[in-house]
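Open the model in your viewer with the cartoon on and side chains hidden. The tour goes from strand pairs to single residues and ends with the whole chain.

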Amino acid sequence: MPALKPTDFTATVRWLGRVPETDEGLRSVAVDHLELGFEGAVGERHSGLTRPSCSRLLSQHPRGTEIRNVRQLAMMSVEEIARIAERMGLESLEHEWLGTSVVLEGLPDFSHIPPSSRLQGPDGLTLAVDMENRPCVLPGREIETEREGFGKRFKPAAAGLRGVTAWVERPGRLAIGDVLTLHIPDQPFWAHIEAVRG
């Protein structure tokens, strides 16, 4: 029996970016396509089969521990970026400022699609969702250089809207305009989730 259930939900790729390997900041550079291998996007700072653990995993690993890289891609939605900008009091946010790899349009409540969901292209390219991406201060620094006085507003405004992190399950080429289909794990919610959230 299949473990993942195809849905009728789709998303269209509206923007793609690559964080250069040599730059210090988080700013992405816009591209028209990404070549995605098992290590992630070719020539991108967040690519690799492994990575050093960060502050998000201090309850599991000391900072800098080598772990599997399930954060090869940072994915956001057009709809949620617009909501973040609105919360910040800005007309819009440039995708480059957010350190984003992929910006999609069309999936409601994108930041909360189930972990382990897959986003699959028509040629079989498959991205596996790790989990919701938590807001951090790094995009705020990029925003501050462009909109002075607004950078510190990003982290609180992006709560629940920062998109997801993902890794490449099946390599391929991802281009602007591609349509990805959402596949979700075919299982119920864990019965004890409220006990651990409380």
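Start by selecting 126-132 and 164-170: these are strands β10 and β11, which pair in the antiparallel sense over six bridges. Strands here, like helices, are DSSP runs numbered from the N terminus, with at least two residues (E) for a strand and at least four (H or I) for a helix. Two strands count as paired if DSSP finds at least two bridges between them. To find the register, show Thr126, whose bridge partner in β11 is Arg170.

Before moving on, note that this is a predicted model, in which local features need pLDDT of at least 70 and side-chain atom pairs count only at pLDDT 80 or more, while totals for chains, interfaces and linings use all residues. Residues are numbered from 1 along each chain as its sequence is written, and side-chain values use heavy atoms, with hydrogens and water left out.

**Further strand pairs**

Keep β11 on screen and add 73-77, which is β7; three bridges join β7 to β11, and the two run antiparallel. Leu73 has Ala166 as its bridge partner in β11.

Next select 4-18 and 179-185. These are β1 and β13, antiparallel strands joined by six bridges. Ala11 is paired with Leu180 of β13. Now add 118-120, the residues of β9. Three bridges join β9 to β13, again in the antiparallel sense, and Arg118 stands opposite His183 in β13.

**A three-stranded sheet**

Which order do the strands of the open three-stranded sheet follow? The order is β4-β3-β12, and the pairing is antiparallel. Select 40-41 for β4 and 172-175 for β12: these two stand at the edges with a single partner strand each, so one side of each has no neighbour in the sheet. Then colour 33-37, which is β3; its antiparallel pairing with β4 rests on two bridges. Leu36 has Ala41 as its bridge partner in β4.

**A residue in β8**

Select 102-105, which is strand β8, and centre on Val103, a residue of that strand. Is Val103 buried or exposed? Its relative accessibility is 0%, so Val103 counts as buried; buried means under 20% relative accessible area, exposed means over 50%, and partly exposed lies in between, with a 1.4 Å probe and protein chains only.

Show what surrounds this side chain. Leaving out neighbours within four places in sequence, Val103 is in contact with Thr12, Val13, Arg14, Trp15, Met76, Ser77, Val78, Ile81 and His95. Contact means heavy atoms within 4.5 Å. Measure from Val103 to Ser77: their C-alpha atoms are 5.1 Å apart, with their positions 26 residues apart in sequence.

**The loop between β8 and β9**

Follow the chain out of β8 to Gly106, in the loop between β8 and β9. Gly106 has a relative accessibility of 41% and so counts as partly exposed. With residues up to four places away in sequence not counted, Gly106 touches Thr10 and Glu79. Its C-alpha is 9.3 Å from that of Val13, at a sequence separation of 93 residues.

Asp109 lies in the same loop, between β8 and β9. Its phi is near 50 degrees, a positive value in a residue other than glycine. At 48% relative accessibility, Asp109 is partly exposed. Go on to Ser116, also found in the loop between β8 and β9. Ser116 is not a glycine either, yet has a positive phi of about 75 degrees. Its relative accessible area is 38%, which makes Ser116 partly exposed. Most residues other than glycine have a negative phi.

**The whole chain**

Zoom out and show the full cartoon, with four helices and 13 strands. The C-alpha atoms fill a box of roughly 55 × 45 × 35 Å along the principal axes. Of the 198 residues, 43% count as buried. Among contacts between residues at least 6 apart in sequence, 70% join residues at least 24 apart.

Switch to a surface to finish. The chain exposes about 10900 Å², and carbon and sulfur atoms supply 53% of that area; accessible areas come from the Shrake-Rupley method with a 1.4 Å probe.
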